[in-house]
Amino acid sequence: WVLGQASPFAESPLESNVRRIAFALGHSDVEAQLEVATDEGMKWCDIGVARVKTVWESNGEVKYVGEDGPANLLREARRRQALERSGYRVVDLTSAQSWDTAHLAASLATHAPHALRQPVVGLLTRAERLRLFGDSRIRRI
């Protein structure tokens, strides 16, 4: 099942981890590189759920430092505005948030509240299961 869900479109470990957590929590409709038509052309979002018109952008902080940092920040702001004009909600994730299972679970619950399938908790590490579900759930897995 896990291999069947792998996506050649995920461009970073951050994106792949967000999808892993989403699938673990039953959000089987999370797409890597979701295409969104905007008034500035087609945009590909790191992770998205089309049915709720929400995308998650996982941008490492290194993108905004150095000589190109200000230009990258401006380009990302324009991109975000184009997505929002198209009716999409954009949720930004820092590198740390992309690895924070509890943060991702809360974001999915807020922005895509209805999972489409049963959770696949086997995709979570033991520590993640403990943090999300407590000790009682761990013993049953």
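The exercises below, each with a worked solution, concern the sheet, the helix packing and the salt bridges of a predicted model.

## Exercise 1. The sheet

Determine the strand order of the sheet, its edge strands, and the sense in which β1 pairs with β2 and β3 with β4.

Solution. Begin with the overall arrangement: the sheet is open, has 4 strands in the order β1-β2-β3-β4, and shows mixed pairing. The edge strands are β1 (31-38) and β4, each of which pairs on one side only, and the twist from one strand to the next averages 50 degrees.

Next, take the pair β1 and β2, whose pairing is antiparallel over 7 bridges. These two strands form a hairpin, with 2 residues between them, and one position within the pairing is given by Ala-32, whose bridge partner in β2 is Ile-47.

Finally, turn to β3 (residues 54-58) and β4, which pair in the parallel sense over 5 bridges. Here Ser-58 stands opposite Leu-93 in β4.

## Exercise 2. Helices on the sheet

Compare the directions of α2 and α3 with that of β2, and state which strands each of these helices touches.

Solution. Helix α2 packs on the sheet and touches β1, β2 (41-49), β3 and β4, its direction making about 50 degrees with that of β2. Helix α3 likewise packs on the sheet with contacts to β1, β2, β3 and β4, but its direction makes about 85 degrees with that of β2.

## Exercise 3. The crossing of α2 and α5

Describe how α2 crosses α5, and classify the residues that make the contact.

Solution. Two packed helices are described by the angle between their axes and the distance between the axes. For helix α2 (residues 13-24) and α5, the axes come within 10 Å and cross at roughly 65 degrees, and the crossing in which α2 passes α5 is right-handed.

The residues involved are Asn-17, Val-18, Ile-21 and Ala-22 on the side of α2, and Thr-101, Leu-104 and Leu-108 on the side of α5. Sorted by character, the residues of this contact comprise 5 nonpolar and 2 polar ones, with no charged residue.

## Exercise 4. The surroundings of Ser-98

Decide whether Ser-98 is buried or exposed, and list its contacts beyond its neighbours within four places in sequence.

Solution. Ser-98 is located in helix α4. Its relative accessible area is 0%, and because buried means under 20%, the residue is classed as buried. With neighbours within four places in sequence left aside, Ser-98 is in contact with Leu-14, Asn-17, Val-18, Ser-58, Leu-93 and Leu-104.

This list can be read against the earlier exercises: Asn-17 and Val-18 of α2 and Leu-104 of α5 belong to the contact between those two helices, while Ser-58 and Leu-93 stand opposite each other in the pairing of the strands.

## Exercise 5. Salt bridges

Find the salt-bridge partners of Arg-80, and work out which parts of the chain are joined by its pair with Asp-92.

Solution. The count for the model comes to 9 salt bridges. One of the partners of Arg-80 is Glu-84, with the closest N and O atoms 3.1 Å apart; both residues lie in helix α3 (residues 69-85), 4 residues apart, about one turn of the helix. Arg-80 is partly exposed, with a relative accessibility of 26%, and Glu-84 is also partly exposed, at 37%.

Asp-92 forms a salt bridge with Arg-80 as well, the closest N and O atoms being 2.3 Å apart. Because Asp-92 lies in strand β4 (residues 89-93) and Arg-80 in helix α3, this pair ties together parts that are 12 residues apart in sequence. Asp-92 is partly exposed, at 45% relative accessible area.

Now locate the salt bridge between Arg-131 and Asp-100, and state the exposure of each residue.

Solution. The closest N and O atoms of Arg-131 and Asp-100 are 3.3 Å apart. The pair links distant parts of the chain, 31 residues apart, with Arg-131 in helix α6 (residues 126-133) and Asp-100 in the loop between α4 (95-98) and α5 (101-111). Arg-131 is exposed, with a relative accessible area of 56%, whereas Asp-100 is partly exposed, at 25%.

As a last step, note the network of salt bridges that links Asp-39, Glu-40, Arg-78 and Arg-85.

Methods: Residues are numbered from 1 along each chain as its sequence is written. This is a predicted model: local features need pLDDT of at least 70, side-chain atom pairs count only at pLDDT 80 or more; totals for chains, interfaces and linings use all residues. Side-chain values use heavy atoms; hydrogens and water are left out. A salt bridge is a side-chain nitrogen of Lys or Arg within 4 Å of a carboxyl oxygen of Asp or Glu. Buried means under 20% relative accessible area, exposed over 50%, partly exposed in between (1.4 Å probe, protein chains only). Contact means heavy atoms within 4.5 Å. Axes are lines fitted to C-alpha atoms, for helices over the stretch in contact, and angles run from 0 to 180 degrees between N-to-C directions. A crossing is left-handed if the near helix is turned anticlockwise from the far one by less than a right angle, and right-handed if clockwise. Ala, Val, Leu, Ile, Met, Phe, Trp, Tyr, Cys and Pro count as nonpolar, Asp, Glu, Lys and Arg as charged, and the others, Gly among them, as polar. Two strands pair if DSSP finds at least two bridges between them.
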